[in-house]
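Hello,

Here is the structure I said I would pass on. My notes on it follow below the model.

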Amino acid sequence: MDQLASPRPRRTAGQEYLDTVPLRERRQAGAVYTPSHLVEFILHQAAYTEAAAIDRRAHRARVWGGRVLESAVAALARRFRGYGTDITTGAGREQFLSTVSMCLYGVDLDPDACKLARQAVRSRVLSLTPGPLPAKYFERNVIVADFLLAPEVDGLVARLKAPLGFLIGNPPYVSATRINDAQKRRLRGRFQSAGGRLDLYAVFIERALELLPSGGRVAFVTPDKFLVSQSGRGLREHILTMSAVRSVAQFKSHKVFDDAATVPCVTVLERAGSPAPVSVLSCAEKPTASGLVDVVDRTTVDHAILGSAPWYIASPKLDGLAARLREGHPTLASVAVRVSAGPATGRDGLFVFPEGAEPDIEQELLRPAVRGRDVQRFAVKDPKLQVLLPYTYDFAGTPSLIDLNRFPGARRYLRRHRDELEARHCVRVWEKSWFDLHDQPTCDLAKLPKLLVPDVANTNRFAVDTGMFMPLHSVYYVVGKPGVDLNFLAAVLNSNVATFLLRLFSPVVKDGFQRYRQQFLFKLPIPVPTLPEKDEIVRATDSGDFDTVEELVQRLFKVSASEERALRAHLADGPAQ
């Protein structure tokens with residue numbers, strides 16, 4: 001376990017200022033306080049050297065507050081001392097003040113944050129070298145501007161006396177749902193990475209690479225979703241076109257930040273760099289009591305494995321085990337007709353209610369409902385809920401929105417809540433009928449035999465539903481092809497092998513839970529058993545002998561004793577809770 005030293009956390013003026021900003025405004029702006037130990041870690045990962053800073057290549061564009069700038073000042077001071085230069089008096093002090101003013105810069109949209117950043121730098125300078133500062137010292141180094149679109153940013157870069165060396169920071173995490181339509185149009189017309197499920201942090205990475213010269217480095221802490229998500233494809237392509245990936249540091253949970261429910265990673269990119277082995281680090285989410293960042297695992301991966309496809313970066317040993325377990329087996333995609341999330345209603349509080357709570361609604365329109373929390377390993381706990389499905393089905397099972405005049409009970413109920421139903425996004429924006437669901441089911445799912453699994457969970461929890469429940473949006477369902485035994489499928493998908501593979505490749509979300517989306521489920525290997533092997537596994541499953549089920553499934557995957565130990569060790573470490 002490596003430990004990277006950093007100062008003990010202290011409460012700064014910037015942090016206190018953020019506390020005064022209403023939560024809604026902070027979310028809109030993507031404003032999150034960056035802990036001091038994380039700032040030091042980012043600088044370390046970027047290979048920021050004070051020697052380079054003195055060579056005037058360490059200019060920075062900082063997204064929020066002055067923490068990076070403040071830490072960079074301290075790093076400069078350490079380098080000067082390393083050279084034997086006294087920065088507290090005479091020529092040494094003058095050189096230090098000049099280097100800080102020529103090498104460190106920042107950009108922020110918030111004037112108050114810019115003011116605090118300037119103050120933080122001046123305060124740190126004075127703490128290191130007491131004495132008078134020139135009038136308006138560092139005043140022009142932090143500008144109020146839109147980093148993404150403002151010409152002032154290009155102007156700042158143009159007036160620098162040396163090329164940009166580093167762009168380091170914590171860009172805002174703001175999803176498309178919190179960006180107004182006019183801003184989306186501007187961003188999508190300007191940036192390649194602004195397509196699909198737009199998030200500002202992706203555009204910040206693209207803009208940073210655009211501003212850097214060859215050899216310059218970006219070091220950002222961002223959500224780790226872009227590493228494997230479908231929506232991150234454009235960003236991954238752009239990164240590889242414009243740069244080489246130098247390192248990726250991943251954290252075990254969202255608890256790195258006190259006020260953001262996102263799992264971060266620290267990515268370092270070198271503009272126009274030559275491909276080289278990528279340093280991959282696994283980090284604890286919290287510093288030690290002495291204010292250190294713990295790197296619990298360190299390895300390298302071949303840069304050549306990175307492409308537009310998801311970046312599944314793990315240790316070569318684990319990658320090798322995963323490849324061996326998948327080799328020669330068909331995937332879930334080959335044995336399933338459909339893998340999807342249950343339909344969203346757009347307002348569960350109106351469409352989902354306890355059994356018998358709305359006795360006037362016609363039974364023909366009601367189905368037993370199940371949520372992600374109700375799906376356990378090999379079993380579904382009936383929550384005694386019903387969902388109102390405003391559809392009728394033809395002989396082929398195709399749904400059609402009901403004629404409310406034919407269902408007076410449902411009509412009375414829905415009309416009581418019409419204002420709230422019409423306020424839903426699917427009605428306002430998509431112009432769907434005011435009583436339609438946000439997502440229309442493809443068929444009468446409740447009556448379909450299927451596997452259910454929570455959309456997020458901390459371990460595999462697949463259960464067979466023989467045709468009773470309507471899965472809500474927090475549940476994924478798997479419909480097998482004709483002849484596929486769902487009990488056998490549940491045994492394989494609940495095994496340590498499947499849990500290991502999903503834990504290795506699917507992203508961690510809040511509280512260490514992982515996503516069970518189609519793109520990850522489809523790739524799971526499903527061994528082809530002999531009839532006696534399948535029957536033995538199904539019998540053990542039916543009897544609840546899950547230890548035997550695990551043993552039999554591992555036999556299908558030909559798991560050796562050493563591989564079983566590796567599986568158990570990895571699963572025992574598990575996602576942080």
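**Cavities and pockets**

The largest cavity is lined by Tyr312, Arg326, Leu501, Leu502, Phe505, Phe520, Lys523 and Leu524. Please keep in mind throughout that this is a predicted model. The space in that cavity comes to about 90 Å³, and the structure holds three cavities of 30 Å³ or more. Helix α19 (residues 496–505) gives the largest share of the lining, with three residues. By class, six of the lining residues are nonpolar and two are charged, while none is polar.

The second largest pocket holds about 720 Å³ of space. Its lining counts 30 residues, and those that lie nearest its centre are Gln250, Ser282, Arg503, Leu504 and His570. Two or more lining residues come from each of the strands β6 (243–251), β8 (278–283) and β9 (293–301), and likewise from helices α19 and α23 (561–573). The lining of this pocket divides into 17 nonpolar, eight polar and five charged residues. Helix α19 thus appears in both places: it supplies three residues to the lining of the largest cavity, and it is among the elements that give two or more to the second largest pocket.

**The chain as a whole**

The chain has 23 helices and 23 strands. Of its 577 residues, 56% are buried. How many of the contacts between residues at least 6 apart in sequence join residues at least 24 apart? The share is 74%.

**Salt bridges**

Side chains of opposite charge can pair when their charged atoms come close. The count of salt bridges in this model comes to 21. Three of the pairs are described here, followed by a network.

Arg122 and Glu139 form a salt bridge in which the closest N and O atoms are 3.2 Å apart. Arg122 belongs to helix α7 (residues 111–128) and Glu139 to the loop between α7 and β3 (142–144), so this pair ties together parts of the chain that are 17 residues apart in sequence. Glu139 has a relative accessibility of 33% and therefore counts as partly exposed.

Arg416 and Glu358 also meet in a salt bridge, at 3.7 Å from N to O. This pair links distant parts of the chain, 58 residues apart: Arg416 sits in helix α15 (residues 408–416), and Glu358 in the loop between β11 (352–354) and β12 (366–370). Arg416 is exposed, because its relative accessible area is 56% and the class begins over 50%. Glu358, with a relative accessible area of 23%, is partly exposed.

The salt bridge between Asp374 and Arg371 has an N to O distance of 2.9 Å. Are the two partners buried or exposed? Asp374 has a relative accessible area of 5% and so is buried, whereas Arg371, at 23% relative accessibility, counts as partly exposed.

As for the network, Asp154, Arg190, Arg207 and Glu210 are joined into one by salt bridges that share partners.

**A buried glutamate without a salt bridge**

Glu550 lies in helix α22 (residues 546–556). Glu550 is buried, yet it has no salt bridge. Why does Arg377, the nearest side chain of opposite charge, not count as a partner? Arg377 is 4.4 Å away, and a salt bridge needs the nitrogen and the carboxyl oxygen to be within 4 Å, so the pair falls outside the rule. Arg377 is nevertheless among the residues that Glu550 touches, together with Asn494, Ser495 and Asn496, leaving aside residues up to four places away in sequence.

**Backbone angles**

Two residues that are not glycines have a positive phi, and you may wish to look at them in the model. For Ala272 the angle is about 55 degrees. Ala272 lies in the loop between β7 (264–271) and β8, and with a relative accessible area of 47% it is partly exposed. For Lys384 the angle is about 60 degrees. Lys384 is located in the loop between β14 (379–380) and β15 (385–388), and it is partly exposed too, with a relative accessible area of 48%.

Regards

Key: Residues are numbered from 1 along each chain as its sequence is written. This is a predicted model: local features need pLDDT of at least 70, side-chain atom pairs count only at pLDDT 80 or more; totals for chains, interfaces and linings use all residues. Side-chain values use heavy atoms; hydrogens and water are left out. Helices (H or I, at least four residues) and strands (E, at least two) are DSSP runs, numbered from the N terminus. Buried means under 20% relative accessible area, exposed over 50%, partly exposed in between (1.4 Å probe, protein chains only). Lys and Arg count as positive and Asp and Glu as negative; His and the chain ends are not counted. Contact means heavy atoms within 4.5 Å. On a 1 Å grid over the protein atoms alone, a cavity is a set of points where a 1.4 Å probe fits but cannot get out, and a pocket is an open set with protein on both sides within 12 Å along at least five of seven lines; lining residues have an atom within 4 Å of a point. Grid points are joined across faces, edges and corners, and a volume is the space filled by probe spheres set on the points. Ala, Val, Leu, Ile, Met, Phe, Trp, Tyr, Cys and Pro count as nonpolar, Asp, Glu, Lys and Arg as charged, and the others, Gly among them, as polar.
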